[in-house]
Amino acid sequence: AVPHTPLRMSSGLGGLNKSPHGVVVGLCQLQLPVIETKDQLDAQVDRVCALVGKARRGSTSMDLVVFPEYMLHGLSMDVCDEIMCERDGPIVARLRAACVQHKIWGCFSIMERNPAAPESPFNSGLIFDADGNEVLYYRKLHPWVPVEPWAPGDLGVPVVDGPNGCKLALIICHDGMFPEMARECAYKGAEIMLRTAGYTAPIRDSWVFTNQANAFQNLMCTASVCMSGSDGTFDSMGEGMFCNFDGGIITRGGGRPDEIITCELRPDLVREARLGWGVENNIYQLGHRAYVAVQGGARDCPYTFMHDLVAGKYRLPWEGQVKHTDGRSCGFPPPV
């Protein structure tokens with residue numbers, strides 16, 4: 001029998017022709033800011049809230065607008081308490097209010113105070129629904145070492161009910177370079193995985209192929225966006241992109257700051273593929289190896305690195321020769 005293949009997803013002309021099962025997402029390629037003071041932080045919150053309004057005015061069908069990592073912080077890696085935020089603080093309250101005002105879901109990035117280690121804040125993401133309810137709260141698991149000083153996330157990878165009944169997850173920037181992150185999202189049911197980032201131009205190629213691979217390997221749509229433009233030192237690349245569950249790029253932006261790239265995603269077709277695909281149904285086949293030869297497939301775990309990681313014994317053959325094992329090369333003192 002010929003393996004069942006569902007219809008390929010289109011962008012719905014960026015959501016202009018929304019289907020009953022579609023989820024229209026906007027990826028905001030936010031202009032990279034310079035944030036050094038509380039006043040600059042407050043002004044940047046105003047900019048983001050204004051762009052939430054732009055998203056709604058530009059697309060009455062949009063369900064969710066997504067802003068990049070570092071949207072309120074820029075790329076300075078400054079851990080000054082004055083520009084840190086709190087999950088239940090006044091800065092986040094303004095972002096929540098913007099979602100209510102414009103009747104739209106919003107995904108936002110904050111650098112979150114860490115009372116246990118003030119010198120190592122968390123790099124956190126929040127999603128609010130159109131009524132202002134917090135539906136997702138995530139702390140970045142894999143800071144971009146040795147460049148970033150953030151504490152490792154400690155909340156796991158949440159998957160939540162998103163707009164129009166989709167299953168939604170969020171990872172942040174460097175997280176997406178680890179295939180285990182996308183696999184975790186999909187394993188917990190995510191049909192759409194958001195990836196927000198501050199990446200600069202040298203990462204462009206790996207940004208593209210990891211977004212595609214994360215989609216294909218998990219039969220999952222990915223929606224990913226970076227900061228855009230220059231802050232006078234760094235050049236972020238924008239590169240908002242949507243990938244279909246077969247790994248193909250549906251829609252891709254460029255580098256124009258503050259442009260909102262839109263696309264209709266179809267979680268119903270993700271569900272159809274996960275149930276109906278035989279060939280390359282990799283998220284299922286990982287746990288059911290060789291099911292043609294073995295009833296139900298082999299269910300053991302043959303991967304040494306998985307066993308070692310769980311046992312706290314993860315160690316590479318070249319572990320002792322790795323040169324960068326703390327942040328000193330980027331000006332950070334060794335952790336204590």
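Two strands count as paired if DSSP finds at least two bridges between them, and the strands themselves are DSSP runs of E with at least two residues, just as helices are runs of H or I with at least four, all numbered from the N terminus. With that in hand, let's walk through this predicted model, in which local features need pLDDT of at least 70, side-chain atom pairs count only at pLDDT 80 or more, and totals for chains, interfaces and linings use all residues. Residues are numbered from 1 along each chain as its sequence is written, and side-chain values use heavy atoms, with hydrogens and water left out.

A good place to start is the pairing of strand 3 with strand 4 (residues 122–128), which is antiparallel and spans seven bridges. Within it, G106 sits opposite F128 of strand 4. Both strands belong to an open, mixed sheet of six, ordered 5-4-3-2-1-14. At its edges are strand 5 (134–139) and strand 14 (259–265), each paired on one side only.

Another open sheet of six strands follows the order 6-7-8-9-12-13, again with mixed pairing. Strand 6 (159–161) and strand 13 (249–252) have a single partner strand each, so one side of each is left without a neighbour in the sheet. Further in, strand 8 (residues 192–197) and strand 9 (residues 221–226) run parallel, joined by six bridges, and A197 stands opposite C226 in strand 9. Helix 5 (residues 204–216) packs on this sheet, touching strands 8, 9, 12 (241–243) and 13, where contact means heavy atoms within 4.5 Å.

Now for the empty space. A cavity here is a set of points on a 1 Å grid, over the protein atoms alone, where a 1.4 Å probe fits but cannot get out; its lining residues have an atom within 4 Å of a point. The largest cavity has a volume of about 30 Å³, volume being the space filled by probe spheres set on the points, which are joined across faces, edges and corners. Which strand gives the most to its lining? Strand 3 (residues 105–112) does, with three residues. The lining includes S109, I110 and M111, along with Y70 and H73.

Finally, the charged pairs: a salt bridge is a side-chain nitrogen of Lys or Arg within 4 Å of a carboxyl oxygen of Asp or Glu. The structure holds 20 of them. In one, R94 pairs with D46, their closest N and O atoms being 2.7 Å apart. This pair links distant parts of the chain, with R94 in helix 3 (residues 90–102) and D46 in helix 2 (residues 38–58), 48 residues apart.

Note on methods: Axes fitted to C-alpha atoms, helices over the stretch in contact; angles between N-to-C directions. 1 Å grid on protein atoms, 1.4 Å probe; cavity = no way out; pocket = protein on both sides within 12 Å on 5 of 7 lines; lining within 4 Å.
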